[in-house]
Amino acid sequence: MSAPILPGATIGVLGGGQLGRMFSLAARNLGYHVNVFAPEDDTPAGQIAYREVRAPYGDLDAVQRFAEGVEVVTFEFENVPTETVEVAERFAPVRPAGALLHMTQNRVREKTGLLRHGLPVSPFAVIRSPADLESAAAQIGFPAVLKTAAWGYDGKGQRRVDDAAALRAAYMRLGGARAVLERFVPFVGELSVVGARGLDGAVALYEPVWNEHRDHILDITLCPAPIADAVRSDALELARTVLEAFDVVGVLCVELFLLEDGSLIVNELAPRPHNSGHVTIDAHVCSQFEQQVRAVCGLPLGSTARRVRAAAMANLLGDLWREGDPCFADALKDPGVRLHLYAKSGPRPGRKMGHLTVAGQTIEEARERALAARTSAACRCEEPSWTSS
Ligand code: AMP
């Protein structure tokens, strides 16, 4: 096994968003340097990084120079092109490996991979052209969810369809992209499990959390998830299987649907820290971001034990800026509120601008206080800075 990459070394991150920012904060805390590669400048991650390299992902010479200048490369953005990762892999270890990223970038590859390891997914059919619509509908039935095979996240590129006419119309709107038709899952709740696997194969799992979405975007996460012990252990077992089956070195999140009978279906994998795992920054011994640093550097993994009885995380989307700059001073009147802003310019509806976390005696109390803090922030206390660009 390779020697650990020790503090003082430089870690490269592909992608400049908030996940890279929180990763960089954790890495700097451990004494590492972080170089960020992103197509934009002044990115949320770049602001924290030691060096920010601005270049398109397709500039493979820039990718080579970037990888040559770091000890290990990781990513915070799932849609980094395969050839970019392949070039980086020639000059530095990439963790998790490019092959995992490649699999999770496409729903057909991901679901096929999950099925190969006996993991439960919703029945699906691949649609390559309009000629496949009829057989897909016959195989899957209605209601169903049509999703683009690639480039989908936060509900983008997907639509619920209730009959053949709606399916055809929704498929035509995708403009001929390859798609999957999934059986609609009548879930009673959505859970996720964030886990890490080290270079030595050790696995550390955070307990399952409960996720509430609004307009397909994560809105609230509750920790611990209010579920039966048997569901908890099934969810953990599923996540462990995924981490081991795909030989992950790094952090990965398994998004799950919980059915009424207590069984679980894997919706999606994210081969990186996850929005629902932000709660670990304030509620657990070692955050998902520190865990990513430890895993990709070959250090021992940290404890995933919870430090508080219960916690809630509420996302702060650009919508909160609609009436002007939010009044964060009001949000912080509850001294238990922890505020995390990603320093993004240009709030837009649906854009993830930050989150806040509250610890409480119960998830209900924590949820209520997180919502109250977010509502107080929504009051306008400065001149409007809302942009619609
Ligand atoms: P995704 O982009 O696949 O993560 O989906 C975003 C959200 O859409 C999920 O978190 C669910 O709330 C919903 N969704 C996705 N697929 C299905 C499905 N097959 N059945 C029911 N709801 C779904």
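Author: Buried means under 20% relative accessible area. This is a predicted model, so keep that in mind throughout.

Reader: Fine. Which residues of helix H7 are buried?

Author: Leu167, Ala170 and Tyr171. Helix H7 covers residues 164–173.

Reader: Why are the buried residues on the same side of H7?

Author: They cover an arc of only 100 degrees around the axis, which puts them on the same side of H7.

Reader: And what exposed residues does the face turned away carry?

Author: Ala165 and Arg173.

Reader: What do the buried residues of H7 pack against?

Author: Four strands and one helix are listed by name: E5 (124–127), E6 (144–148), E7 (158–161) and E8 (179–183), plus helix H6 (133–140).

Reader: Now the ends. Which residue caps the N-terminal end of H7?

Author: Asp163. One of its side-chain oxygens lies 3.2 Å from the backbone nitrogen of Ala165.

Reader: What phi does Gly175 take, just after H7?

Author: A positive one, about 70 degrees.

Reader: New topic. Where is Thr280 found?

Author: In helix H9, residues 279–283.

Reader: Buried or exposed?

Author: Thr280 is buried. Its relative accessible area is 3%, and the cut-off for buried is under 20%.

Reader: Which backbone oxygen lies 2.5 Å from a polar atom of its side chain?

Author: That of Gly277.

Reader: Which residues does Thr280 touch, not counting those up to four places away in sequence?

Author: Tyr206, Cys286, Ser287 and Gln288.

Terms used:
Residues are numbered from 1 along each chain as its sequence is written. This is a predicted model: local features need pLDDT of at least 70, side-chain atom pairs count only at pLDDT 80 or more; totals for chains, interfaces and linings use all residues. Side-chain values use heavy atoms; hydrogens and water are left out. Buried means under 20% relative accessible area, exposed over 50%, partly exposed in between (1.4 Å probe, protein chains only). Helices (H or I, at least four residues) and strands (E, at least two) are DSSP runs, numbered from the N terminus. The arc is that of the directions from the helix axis to the C-beta atoms. Contact means heavy atoms within 4.5 Å. A polar contact is a pair of N or O atoms within 3.5 Å; within protein, one must be able to donate a hydrogen and the other to accept it, and residues adjacent in sequence count only if both atoms are side-chain atoms.
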